[in-house]
Amino acid sequence: MKAAAFEYHRVSTVEEALAVLAEGDGYGKVLAGGQSLGPMMNLRLVRPDVVVDIGGVRSLTEVTSDSGIIRIGARVTHSAIEDGVIPGPTGVFLSEVAHGIAYRAIRNRGTLGGSLVHADPAADWLSVLIVLDASVVVVDQDGETSIKVKDFVVGPFTTGLGDKSLVSRIEFKELTGKAKWSYLKSSRKPGEFADAISICLRDESEGIFRITAGAMDVTPKMVDCNLSESNEEKIESLISHRKGYQKGLHCTLLQRSIHEVKN
Ligand SMILES: Cc1cc2nc3c(=O)[nH]c(=O)nc-3n(C[C@H](O)[C@H](O)[C@H](O)COP(=O)(O)OP(=O)(O)OC[C@H]3O[C@@H](n4cnc5c(N)ncnc54)[C@H](O)[C@@H]3O)c2cc1C
(Lines give C-alpha, C1' and ligand atoms only; values in the text may rest on other atoms or scores of the structure.)
Protein backbone atom coordinates (compact mmCIF):
# COMPACT_ATOMS: atom_id res chain seq x y z
CA MET A 1 0.00 0.00 0.00
CA LYS A 2 1.28 3.47 -0.91
CA ALA A 3 2.50 5.59 2.05
CA ALA A 4 0.46 8.76 2.70
CA ALA A 5 3.61 10.95 2.74
CA PHE A 6 4.12 13.70 0.16
CA GLU A 7 6.65 16.44 -0.47
CA TYR A 8 5.37 19.87 0.58
CA HIS A 9 6.72 23.10 -0.98
CA ARG A 10 5.53 26.59 -0.09
CA VAL A 11 6.45 28.97 -2.90
CA SER A 12 6.34 32.74 -3.30
CA THR A 13 6.34 33.17 -7.08
CA VAL A 14 4.59 31.57 -10.05
CA GLU A 15 8.00 30.69 -11.55
CA GLU A 16 8.96 28.82 -8.38
CA ALA A 17 5.64 26.95 -8.42
CA LEU A 18 6.14 25.92 -12.05
CA ALA A 19 9.72 24.80 -11.37
CA VAL A 20 8.59 22.57 -8.49
CA LEU A 21 5.76 21.12 -10.61
CA ALA A 22 8.17 20.48 -13.51
CA GLU A 23 10.95 18.96 -11.43
CA GLY A 24 8.88 17.30 -8.69
CA ASP A 25 9.09 13.54 -8.47
CA GLY A 26 5.63 12.12 -9.30
CA TYR A 27 2.10 13.50 -9.27
CA GLY A 28 2.00 17.19 -8.34
CA LYS A 29 -0.93 19.19 -6.94
CA VAL A 30 -1.32 22.91 -6.36
CA LEU A 31 -2.68 23.88 -2.93
CA ALA A 32 -4.60 27.19 -2.80
CA GLY A 33 -7.23 27.53 -0.03
CA GLY A 34 -7.27 23.78 0.65
CA GLN A 35 -11.07 23.75 1.09
CA SER A 36 -11.54 21.07 -1.56
CA LEU A 37 -8.06 19.55 -1.87
CA GLY A 38 -7.89 19.04 1.91
CA PRO A 39 -11.08 16.93 2.08
CA MET A 40 -10.10 15.07 -1.12
CA MET A 41 -6.72 14.15 0.40
CA ASN A 42 -8.28 13.21 3.74
CA LEU A 43 -10.57 10.79 1.94
CA ARG A 44 -7.63 9.46 -0.13
CA LEU A 45 -9.46 10.43 -3.32
CA VAL A 46 -6.36 12.39 -4.33
CA ARG A 47 -2.87 11.18 -3.38
CA PRO A 48 -0.27 13.64 -4.65
CA ASP A 49 3.46 12.99 -4.37
CA VAL A 50 4.22 16.73 -4.40
CA VAL A 51 2.05 19.54 -2.99
CA VAL A 52 2.87 23.09 -4.11
CA ASP A 53 1.36 25.63 -1.73
CA ILE A 54 0.74 28.89 -3.61
CA GLY A 55 -0.57 30.65 -0.47
CA GLY A 56 2.45 32.99 -0.53
CA VAL A 57 2.24 34.02 -4.22
CA ARG A 58 1.08 37.62 -3.95
CA SER A 59 0.90 38.23 -7.72
CA LEU A 60 -2.02 35.77 -7.87
CA THR A 61 -4.17 38.01 -5.65
CA GLU A 62 -4.22 40.97 -8.04
CA VAL A 63 -7.45 42.34 -9.49
CA THR A 64 -7.30 44.79 -12.39
CA SER A 65 -9.82 46.47 -14.62
CA ASP A 66 -8.46 47.79 -17.90
CA SER A 67 -10.08 48.59 -21.29
CA GLY A 68 -13.33 46.96 -20.19
CA ILE A 69 -11.69 43.68 -19.10
CA ILE A 70 -11.61 42.50 -15.49
CA ARG A 71 -8.71 40.24 -14.52
CA ILE A 72 -8.92 38.37 -11.24
CA GLY A 73 -5.90 36.52 -9.82
CA ALA A 74 -6.49 32.81 -9.21
CA ARG A 75 -5.79 33.18 -5.49
CA VAL A 76 -8.39 35.88 -4.85
CA THR A 77 -10.64 34.52 -2.11
CA HIS A 78 -14.42 34.29 -2.05
CA SER A 79 -14.43 36.70 0.93
CA ALA A 80 -12.32 39.30 -0.92
CA ILE A 81 -14.90 39.21 -3.72
CA GLU A 82 -17.71 39.37 -1.17
CA ASP A 83 -16.04 42.43 0.38
CA GLY A 84 -15.94 44.26 -2.95
CA VAL A 85 -12.42 43.81 -4.36
CA ILE A 86 -13.91 43.78 -7.88
CA PRO A 87 -14.95 47.23 -9.10
CA GLY A 88 -18.21 48.45 -10.60
CA PRO A 89 -21.48 46.63 -11.36
CA THR A 90 -19.58 43.36 -11.98
CA GLY A 91 -18.27 43.57 -8.43
CA VAL A 92 -21.79 44.02 -7.06
CA PHE A 93 -22.98 40.92 -8.94
CA LEU A 94 -20.01 38.79 -7.86
CA SER A 95 -20.18 39.98 -4.25
CA GLU A 96 -23.78 38.79 -4.10
CA VAL A 97 -22.73 35.37 -5.42
CA ALA A 98 -19.74 35.09 -3.05
CA HIS A 99 -21.94 35.83 -0.05
CA GLY A 100 -23.93 32.64 -0.76
CA ILE A 101 -20.87 30.32 -0.83
CA ALA A 102 -20.58 28.15 2.29
CA TYR A 103 -19.86 30.29 5.38
CA ARG A 104 -17.30 33.01 6.10
CA ALA A 105 -14.51 30.72 7.36
CA ILE A 106 -14.60 28.75 4.10
CA ARG A 107 -14.85 31.96 2.07
CA ASN A 108 -11.76 33.35 3.83
CA ARG A 109 -9.65 30.45 2.52
CA GLY A 110 -11.37 29.27 -0.67
CA THR A 111 -10.20 30.86 -3.92
CA LEU A 112 -11.68 31.54 -7.33
CA GLY A 113 -8.95 29.54 -9.10
CA GLY A 114 -9.30 26.61 -6.70
CA SER A 115 -13.04 26.48 -7.18
CA LEU A 116 -12.66 26.54 -10.96
CA VAL A 117 -9.98 23.81 -11.11
CA HIS A 118 -11.93 21.62 -8.67
CA ALA A 119 -14.77 21.91 -11.24
CA ASP A 120 -17.60 20.75 -9.02
CA PRO A 121 -20.67 21.19 -11.25
CA ALA A 122 -22.57 22.49 -8.18
CA ALA A 123 -19.99 25.21 -7.47
CA ASP A 124 -21.26 28.77 -7.67
CA TRP A 125 -18.32 30.24 -9.58
CA LEU A 126 -18.43 27.71 -12.39
CA SER A 127 -21.95 28.73 -13.45
CA VAL A 128 -21.16 32.42 -12.99
CA LEU A 129 -17.98 32.28 -15.09
CA ILE A 130 -19.86 30.46 -17.82
CA VAL A 131 -22.64 33.04 -17.98
CA LEU A 132 -19.97 35.78 -18.07
CA ASP A 133 -18.27 33.90 -20.97
CA ALA A 134 -15.03 34.13 -19.00
CA SER A 135 -11.60 32.88 -19.99
CA VAL A 136 -9.04 31.22 -17.79
CA VAL A 137 -5.34 31.97 -18.17
CA VAL A 138 -3.18 28.88 -17.70
CA VAL A 139 0.56 29.20 -17.28
CA ASP A 140 3.28 26.62 -17.72
CA GLN A 141 6.99 26.82 -18.44
CA ASP A 142 6.28 27.66 -22.11
CA GLY A 143 4.16 30.72 -21.20
CA GLU A 144 0.48 31.65 -20.93
CA THR A 145 -2.58 30.28 -22.73
CA SER A 146 -6.09 31.72 -22.54
CA ILE A 147 -8.99 29.24 -22.75
CA LYS A 148 -12.73 29.81 -22.46
CA VAL A 149 -14.00 28.39 -19.16
CA LYS A 150 -16.64 26.40 -21.09
CA ASP A 151 -13.81 24.58 -22.91
CA PHE A 152 -11.47 24.36 -19.91
CA VAL A 153 -13.97 22.38 -17.82
CA VAL A 154 -14.47 19.15 -19.74
CA GLY A 155 -16.78 17.40 -17.26
CA PRO A 156 -17.67 17.08 -13.59
CA PHE A 157 -14.49 17.47 -11.49
CA THR A 158 -12.42 17.38 -14.69
CA THR A 159 -10.51 20.12 -16.50
CA GLY A 160 -7.97 20.20 -19.28
CA LEU A 161 -5.28 21.54 -16.92
CA GLY A 162 -1.92 19.78 -17.34
CA ASP A 163 -0.18 18.58 -14.17
CA LYS A 164 2.79 20.92 -14.77
CA SER A 165 0.56 23.99 -15.17
CA LEU A 166 -1.38 26.33 -12.97
CA VAL A 167 -4.18 28.83 -13.35
CA SER A 168 -2.91 32.37 -12.97
CA ARG A 169 -6.07 34.43 -13.54
CA ILE A 170 -9.61 34.59 -14.84
CA GLU A 171 -10.74 37.29 -17.28
CA PHE A 172 -14.04 38.54 -18.64
CA LYS A 173 -15.74 41.64 -20.01
CA GLU A 174 -16.82 44.16 -17.41
CA LEU A 175 -20.58 44.66 -17.03
CA THR A 176 -21.93 48.13 -17.73
CA GLY A 177 -24.10 50.27 -15.47
CA LYS A 178 -27.16 48.98 -17.34
CA ALA A 179 -26.49 45.34 -16.39
CA LYS A 180 -29.17 43.35 -14.58
CA TRP A 181 -28.82 39.87 -13.21
CA SER A 182 -30.76 37.28 -11.31
CA TYR A 183 -28.77 34.66 -9.41
CA LEU A 184 -30.99 32.01 -7.83
CA LYS A 185 -29.58 29.14 -5.82
CA SER A 186 -31.70 26.48 -4.21
CA SER A 187 -30.08 24.53 -1.38
CA ARG A 188 -31.38 22.75 1.70
CA LYS A 189 -29.61 25.10 4.11
CA PRO A 190 -28.14 28.59 3.49
CA GLY A 191 -24.50 28.38 2.36
CA GLU A 192 -24.67 24.76 1.25
CA PHE A 193 -23.82 23.46 -2.19
CA ALA A 194 -26.77 24.05 -4.49
CA ASP A 195 -29.42 21.57 -5.65
CA ALA A 196 -30.10 23.97 -8.50
CA ILE A 197 -28.57 27.21 -9.78
CA SER A 198 -30.11 29.54 -12.32
CA ILE A 199 -28.59 32.73 -13.65
CA CYS A 200 -29.96 35.24 -16.09
CA LEU A 201 -27.68 38.07 -17.17
CA ARG A 202 -28.81 41.03 -19.24
CA ASP A 203 -26.61 43.91 -20.28
CA GLU A 204 -28.57 45.93 -22.79
CA SER A 205 -25.73 48.13 -23.99
CA GLU A 206 -23.65 45.04 -24.83
CA GLY A 207 -26.55 43.10 -26.38
CA ILE A 208 -26.26 40.39 -23.70
CA PHE A 209 -29.28 38.37 -22.55
CA ARG A 210 -28.22 34.90 -21.40
CA ILE A 211 -29.21 32.11 -19.06
CA THR A 212 -27.24 29.34 -17.39
CA ALA A 213 -28.37 26.36 -15.36
CA GLY A 214 -25.89 24.97 -12.83
CA ALA A 215 -25.64 22.31 -10.12
CA MET A 216 -26.49 19.46 -12.46
CA ASP A 217 -24.48 16.33 -13.20
CA VAL A 218 -23.00 18.00 -16.28
CA THR A 219 -20.90 21.12 -16.81
CA PRO A 220 -23.19 24.19 -16.91
CA LYS A 221 -23.98 25.61 -20.34
CA MET A 222 -25.05 29.08 -21.39
CA VAL A 223 -27.64 30.00 -24.04
CA ASP A 224 -28.67 33.34 -25.49
CA CYS A 225 -32.31 34.28 -24.89
CA ASN A 226 -34.77 36.51 -26.67
CA LEU A 227 -36.45 39.41 -24.89
CA SER A 228 -39.70 39.12 -26.82
CA GLU A 229 -40.19 35.36 -26.35
CA SER A 230 -41.01 33.05 -23.46
CA ASN A 231 -37.70 31.21 -24.04
CA GLU A 232 -39.21 27.83 -23.15
CA GLU A 233 -37.09 26.08 -25.79
CA LYS A 234 -33.94 27.72 -24.46
CA ILE A 235 -34.74 26.56 -20.95
CA GLU A 236 -35.48 23.04 -22.21
CA SER A 237 -32.15 22.94 -24.06
CA LEU A 238 -30.32 23.48 -20.76
CA ILE A 239 -32.22 20.96 -18.67
CA SER A 240 -33.50 18.36 -21.16
CA HIS A 241 -31.68 15.52 -19.38
CA ARG A 242 -33.23 16.37 -15.97
CA LYS A 243 -36.22 14.43 -14.69
CA GLY A 244 -39.11 14.87 -12.25
CA TYR A 245 -38.71 17.17 -9.26
CA GLN A 246 -35.16 18.24 -10.22
CA LYS A 247 -36.27 19.32 -13.68
CA GLY A 248 -39.23 21.19 -12.22
CA LEU A 249 -36.96 22.99 -9.74
CA HIS A 250 -34.54 24.14 -12.45
CA CYS A 251 -37.36 25.12 -14.77
CA THR A 252 -39.05 27.26 -12.09
CA LEU A 253 -35.78 28.99 -11.15
CA LEU A 254 -34.87 29.70 -14.77
CA GLN A 255 -38.32 31.14 -15.53
CA ARG A 256 -38.08 33.29 -12.40
CA SER A 257 -34.57 34.51 -13.29
CA ILE A 258 -35.68 35.54 -16.79
CA HIS A 259 -38.73 37.30 -15.37
CA GLU A 260 -36.58 39.21 -12.85
CA VAL A 261 -34.23 40.68 -15.45
CA LYS A 262 -36.85 41.36 -18.11
CA ASN A 263 -38.65 43.82 -15.87
C1 LIG B 1 -18.07 22.91 4.04
C2 LIG B 1 -17.85 23.43 2.64
C3 LIG B 1 -18.89 24.05 1.99
C4 LIG B 1 -18.70 24.53 0.70
N5 LIG B 1 -19.75 25.13 0.08
C6 LIG B 1 -19.59 25.62 -1.17
C7 LIG B 1 -20.66 26.27 -1.86
O8 LIG B 1 -21.75 26.45 -1.34
N9 LIG B 1 -20.41 26.71 -3.13
C10 LIG B 1 -19.20 26.55 -3.74
O11 LIG B 1 -19.06 26.98 -4.88
N12 LIG B 1 -18.18 25.97 -3.12
C13 LIG B 1 -18.34 25.50 -1.85
N14 LIG B 1 -17.28 24.89 -1.22
C15 LIG B 1 -15.99 24.75 -1.94
C16 LIG B 1 -15.12 25.98 -1.72
O17 LIG B 1 -15.64 27.04 -2.51
C18 LIG B 1 -13.64 25.77 -2.12
O19 LIG B 1 -12.99 26.89 -1.73
C20 LIG B 1 -13.30 25.61 -3.57
O21 LIG B 1 -13.99 24.56 -4.14
C22 LIG B 1 -11.81 25.27 -3.74
O23 LIG B 1 -11.02 26.40 -3.58
P24 LIG B 1 -9.64 26.32 -2.80
O25 LIG B 1 -8.95 27.60 -3.01
O26 LIG B 1 -9.88 25.92 -1.39
O27 LIG B 1 -8.87 25.19 -3.61
P28 LIG B 1 -8.00 23.93 -3.13
O29 LIG B 1 -8.83 23.07 -2.25
O30 LIG B 1 -6.70 24.37 -2.60
O31 LIG B 1 -7.79 23.24 -4.54
C32 LIG B 1 -8.87 22.67 -5.25
C33 LIG B 1 -8.33 22.08 -6.56
O34 LIG B 1 -7.85 23.12 -7.39
C35 LIG B 1 -6.45 22.96 -7.66
N36 LIG B 1 -5.92 24.33 -7.67
C37 LIG B 1 -6.17 25.31 -6.77
N38 LIG B 1 -5.67 26.47 -7.20
C39 LIG B 1 -5.07 26.23 -8.38
C40 LIG B 1 -4.38 27.05 -9.33
N41 LIG B 1 -4.21 28.36 -9.18
N42 LIG B 1 -3.88 26.45 -10.45
C43 LIG B 1 -4.05 25.13 -10.65
N44 LIG B 1 -4.71 24.30 -9.80
C45 LIG B 1 -5.23 24.87 -8.68
C46 LIG B 1 -5.93 22.06 -6.58
O47 LIG B 1 -4.80 21.33 -6.99
C48 LIG B 1 -7.14 21.15 -6.37
O49 LIG B 1 -7.19 20.18 -7.37
C50 LIG B 1 -17.44 24.40 0.06
C51 LIG B 1 -16.37 23.79 0.73
C52 LIG B 1 -16.57 23.32 2.01
C53 LIG B 1 -15.40 22.67 2.71
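What covers the buried residues of helix 9? In this predicted model, the cover includes strand 13 (208-214), strand 14 (221-224) and helix 10 (244-262). Helix 9 itself spans residues 232-239, and its buried residues are Ile235, Leu238 and Ile239. Viewed down the axis of helix 9, these buried residues fall within an arc of 80 degrees, so they line one face of the helix.

An open sheet of five strands was also identified, with the order 4-5-10-6-7 and antiparallel pairing. Its edges are formed by strand 4 (63-66) and strand 7 (143-148), each of which pairs on one side only. On average, neighbouring strands of this sheet are turned by 20 degrees against each other, direction ignored. Within the sheet, strand 6 (residues 135-140) pairs with strand 10 (residues 166-173) in the antiparallel sense, over five bridges. In this pairing, serine 135 stands opposite glutamate 171 of strand 10.

Strand 10 also contributes to the surroundings of the ligand, being one of the elements that give two or more residues to the shell. The others are strand 2 (28-31), helix 5 (104-109), helix 6 (112-118) and helix 7 (124-131). Helix 6 provides the largest share of this shell, with five residues. Of the 31 residues around the ligand, those that come nearest are Gly33, Gln35, Gly110, Thr111 and Gly114. Classified by residue type, the shell comprises 16 nonpolar, 11 polar and four charged residues.

Terms used. Residues are numbered from 1 along each chain as its sequence is written. This is a predicted model: local features need pLDDT of at least 70, side-chain atom pairs count only at pLDDT 80 or more; totals for chains, interfaces and linings use all residues. Two strands pair if DSSP finds at least two bridges between them. Helices (H or I, at least four residues) and strands (E, at least two) are DSSP runs, numbered from the N terminus. Axes are lines fitted to C-alpha atoms, for helices over the stretch in contact, and angles run from 0 to 180 degrees between N-to-C directions. A residue is near a molecule or strand if its C-beta atom, placed from the backbone, lies within 6 Å of it. Ala, Val, Leu, Ile, Met, Phe, Trp, Tyr, Cys and Pro count as nonpolar, Asp, Glu, Lys and Arg as charged, and the others, Gly among them, as polar. A residue is buried if 20 or more other C-beta atoms lie within 10 Å of its own, exposed if 12 or fewer, and partly exposed in between; C-beta atoms are placed from the backbone. The arc is that of the directions from the helix axis to the C-beta atoms. Two residues are in contact if their C-beta atoms, placed from the backbone, lie within 7 Å.
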